[in-house]
Amino acid sequence: MSEYYYELTIKPKSHYEQFLDLLEVLTNNAIEELDGTLIARSEDDLTNVEFGINEFAKRLDTSCETSCVKKENQDWIKNYQQSVKSAEIGKFYIRPSWEEKKDGSIDIIIDPALSFGSGHHETTASCILAIEQFVKEKSTVLDVGCGSGILSIAAAKLGCAVDICDTDDVCIKDTKDNFKLNSVNFNDSWIGSANNAKKKYDVVIANIVADVLVMIHKDLKKCLNDDGILIVSGILDKHLDRVLRKFEDLNKLEVIHKNEWVTIVFSK
Ligand SMILES: C[S@@+](CC[C@H](N)C(=O)[O-])C[C@H]1O[C@@H](n2cnc3c(N)ncnc32)[C@H](O)[C@@H]1O
């Protein structure tokens, strides 16, 4: 990548299409069209093209405003990568693949993608803290609404046997990719929700939203072992009581507040 690029701006008074055609031929680059203005950018010097355009305007007996400015090039990929931050949550360190791992922390790699779950949202962070505190090695875990898979990857890294489900097929694909990226395994996966579970689990985690938790509360409890742990999140504090009412037959072990978001840990 060169240190500089040239930006040629042309605002024709008339014959817009002819100027566009000529600019395309002369620059062989993508042209930006903005309210009657044509903008070409190139790492090649465009001052000769500007001269040609002005000669063309004279031939057409019209005029156009032009400017050709030399600008500093940006490393857009590096700029973007610098905007994606790692997150340290308890003993876990969640990072994009281009960042270094942190010694002494449990490493989780999540690259930016469509699925929710980078570790920066309050609900994800609180669920990870709850997993660290309440989930024991070798537990069987169901991650309902796995998103990026971040929570089930955390559980897998603690030595749990995990199953994943999400109503969105893109999340299932992203989670599978992220398991590979993190060199951990899951057992079973399906597109759908807790009502499709074929067995009971030691731990069920559902970071969804209050309305959905209320809607699927029976399914979540149904796939929980007798002494199982249920972690629910995605609850805005104004909806907390409504969610609590649906789980009052369970023991409330912990309520984690982070800004306006609440995560609850129950035991059966
Ligand atoms: C807030 S994201 C949580 C992602 C990830 N588990 C985390 O904690 O960062 C909620 C996820 O739940 C999924 N979802 C929504 N309704 C669902 C339902 N009824 N059953 C299962 N998953 C659902 C969404 O597709 C989304 O991926």
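A residue is called buried here if 20 or more other C-beta atoms lie within 10 Å of its own, exposed if 12 or fewer do, and partly exposed in between, with C-beta atoms placed from the backbone. The structure is a predicted model, in which local features need pLDDT of at least 70 and side-chain atom pairs count only at pLDDT 80 or more, while totals for chains, interfaces and linings use all residues. Residues are numbered from 1 along each chain as its sequence is written.

Helix α5 applies the first of these terms: seven of its eight residues are buried, so the helix is largely enclosed by the rest of the structure. The buried residues of α5 are Ile 150, Leu 151, Ser 152, Ile 153, Ala 154, Ala 155 and Ala 156. Just after α5, Gly 159 adopts a positive phi of about 95 degrees. Helices (H or I, at least four residues) and strands (E, at least two) are DSSP runs numbered from the N terminus.

Helix α5 (150-157) also contributes to the ligand shell, as one of the elements that give two or more residues to it; the others are α4 (122-134) and β9 (161-166). The ligand is surrounded by 22 residues, of which the closest are Gly 117, Thr 124, Gly 145, Gly 147 and Ser 193; a residue counts as near if its C-beta atom, placed from the backbone, lies within 6 Å.

Strand β9 leads to an open sheet of seven strands, ordered β10-β9-β8-β11-β12-β14-β13 with mixed pairing. Two strands pair if DSSP finds at least two bridges between them. At the edges stand β10 (189-191) and β13 (251-258), each paired on one side only. From one strand to the next, the twist averages 15 degrees. Within this sheet, β8 (residues 140-144) and β11 (residues 201-207) pair in the parallel sense over four bridges, and Asp 143 has Ile 205 in β11 as its bridge partner.

A second open sheet has four strands in the order β2-β3-β1-β4, with antiparallel pairing. Its edge strands, β2 (31-34) and β4 (64-72), each have a single partner, so one side of each is left without a neighbour in the sheet. Strand β1 (residues 4-12) pairs with β4 in the antiparallel sense over nine bridges; the bridge partner of Lys 11 in β4 is Glu 65.

Finally, helices α1 (residues 16-27) and α2 (residues 47-59) pack at an angle of about 150 degrees, with their axes 11 Å apart. Axes are lines fitted to C-alpha atoms, for helices over the stretch in contact, and angles run from 0 to 180 degrees between N-to-C directions. The two helices α1 and α2 are therefore roughly antiparallel to each other, a class for angles over 145 degrees.

Methods. Angles under 35 degrees count as roughly parallel, over 145 as roughly antiparallel, 65 to 115 as roughly perpendicular and the rest as oblique.
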